[in-house]
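User: I am in my first year and would like a close look at one strand and the parts that surround it. Could you take me through it slowly and explain each term as it comes up?

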Amino acid sequence: MIDHVAIIGAGFSGTLQAINLLRHGGPRATLIERAPVAGLGLAYGAAHPDHVLNVRAGNMSAFPDEPDHFVRWLEAQGVPNAAGAFVPRMIYGAYLRTLLDETLAKSGDRLRLIRGDAVSLDHDGRARVRMRDGHGIAADAVVLAMGNLPPHDPPGLDAASIGAPLYMADPWDPLVPDGLRPDDTVMLIGTGLTMIDIALLLEARGFAGRIIALSRRGLTPHRHAPPVAPWKMLGTRPGTVASALVRAVRRRSDQIGWRQAIDELRPYTQTMWANASTDEKARMLRHLRPWWDVHRHRLAPEVADRFEAIRSRGQLSTMAARTLWFHADGDGVELGFRRRGKSDPETMRVNRIVNCTGPQGDLQRSDEPLLATLRDSGMIRPDAARIGIDVDNQARVIGADGEASPWLHALGPMTRGAFWEIVAVPDIRVQTWTLARRLSNAQWVGGEGL
């Protein structure tokens with residue numbers, strides 16, 4: 001019998017886990033967060049006022065059993081006809097914080113929020129979370145909801161010798177746009193969604209200098225199109241052989257458009273990933289992931305317009321290249337790189353480098369204290385693709401012995417090795433809701449057991 005659950009991390013995943021435990025009449029919960037403000041996480045806590053969601057509000061409800069919940073909340077705030085809008089991320093953060101505050105207010109002693117840093121776990125009949133300040137929190141089950149790991153430093157860069165402000169390892173550091181001169185050049189390593197955010201942030205802060213975005217393939221995200229009329233969806237799960245899948249998606253794109261061809265895979269992507277062999281997953285990550293990312297994770301139209309305006313006026317350019325080395329040079333950095341398809345290296349001098357390569361998940365390279373401790377003790381292990389924590393299909397953590405833990409679970413992006421599509425709100429909300437039902441012994445609700 002589970003009486004108490006400790007949840008480590010109060011971003012989107014952890015906050016929803018706590019809220020859903022109470023919604024299902026489940027066990028008491030303790031939500032542990034080291035950031036000053038709980039309920040936001042990196043995605044919404046570090047947002048600039050100009051940053052908007054990449055998904056329309058109509059699909060951003062926190063609860064899969066109340067799909068219009070966020071839209072109704074917006075309407076209560078005086079935002080009419082919000083379902084098709086791409087609202088600011090700060091507003092979505094306020095929505096999450098409101099949900100948490102309301103849950104705390106009515107929970108009595110069933111939910112408590114502790115601000116502090118969890119540094120280790122042990123288990124001897126019951127689990128105990130050890131905090132940095134020395135005290136422990138006993139629980140029957142523990143949920144790791146720690147979000148993404150920070151990006152790795154780009155190849156050839158020694159962060160110990162090139163520090164801020166020349167090299168900003170954290171793209172969400174509020175000092176990223178500070179101190180730049182009008183004739184400076186900023187290098188953004190990475191050309192995905194994070195790069196878009198930082199480019200727009202630099203523009204919003206008045207930076208008039210040159211921006212260069214570099215990645216191995218130089219691909220940038222595509223935009224959302226206006227909603228289209230419903231179409232006849234696929235009736236069976238596609239296969240998992242990458243080459244055959246690419247051909248099938250191309251044929252389907254000719255019939256219904258590439259956005260619809262990608263979108264109709266959504267009901268199948270988690271099971272497709274789970275059924276793919278280790279070799280097939282490796283090929284997908286090595287060869288197809290960049291193209292999947294730019295087609296699957298799209299830009300709100302107004303964001304795409306702003307980005308294209310920066311690029312069209314020549315302030316921003318993208319480059320397909322690999323970095324080779326970096327040397328600090330006074331108030332700048334000289335870097336060596338090799339363009340894709342070329343053999344000769346080139347050099348360039350920039351005044352600031354921002355790491356926009358996006359979150360990583362390789363536990364072997366992580367120095368996050370709690371994860372490193374759990375990894376070294378064998379409580380957790382990397383998944384086979386080394387993109388997160390190894391879990392089973394019930395989000396139970398798999399240890400170094402290959403056994404699924406009966407008391408330790410993980411949620412959110414760090415479980416992408418098992419689920420792949422587990423980085424966006426529509427997927428994470430289902431995962432947190434499902435685990436909360438299991439921990440509450442309420443999985444029969446909705447006809448699953450009757």
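Analyst: Two strands are said to pair if DSSP finds at least two bridges between them, and the strands (E, at least two residues) and helices (H or I, at least four residues) are themselves DSSP runs, numbered from the N terminus. The model is a predicted one, in which local features need pLDDT of at least 70 and side-chain atom pairs count only at pLDDT 80 or more, while totals for chains, interfaces and linings use all residues. Residues are numbered from 1 along each chain as its sequence is written, and side-chain values use heavy atoms, with hydrogens and water left out.

The strand to look at is E2, residues 28-33. Five of its six residues are buried, so E2 is largely enclosed by the rest of the structure; buried here means under 20% relative accessible area, exposed means over 50%, and partly exposed lies in between, with a 1.4 Å probe and protein chains only.

E2 has a partner on either side in the strand order E3-E2-E1-E7-E16-E15, which belongs to an open sheet of six strands with mixed pairing. The edge strands of this sheet, each pairing on one side only, are E3 and E15 (396-398). With E3 (residues 111-115), E2 runs parallel and is joined by five bridges, and Ile32 has Ile114 in E3 as its bridge partner. With E1 (residues 4-8), E2 also runs parallel and is joined by five bridges, and here Arg28 in E2 stands opposite His4.

Between E1 and E2 the chain passes through helix H1 (residues 12-23), and this β-α-β crossover is right-handed, which means that, with the strands pointing away from the viewer, the path from the first strand over the helix to the second runs clockwise.

H1 lies across E1, E2, E3 and E7, running at about 160 degrees to E1. Such angles run from 0 to 180 degrees between N-to-C directions, and axes are lines fitted to C-alpha atoms, for helices over the stretch in contact; contact means heavy atoms within 4.5 Å.

H1 also packs with helix H4 (residues 89-106), at an angle of about 35 degrees and with the axes 10 Å apart. In this contact Phe12, Thr15, Ile19 and Leu22 of H1 meet Tyr92, Leu96, Leu99, Leu100 and Thr103 of H4.
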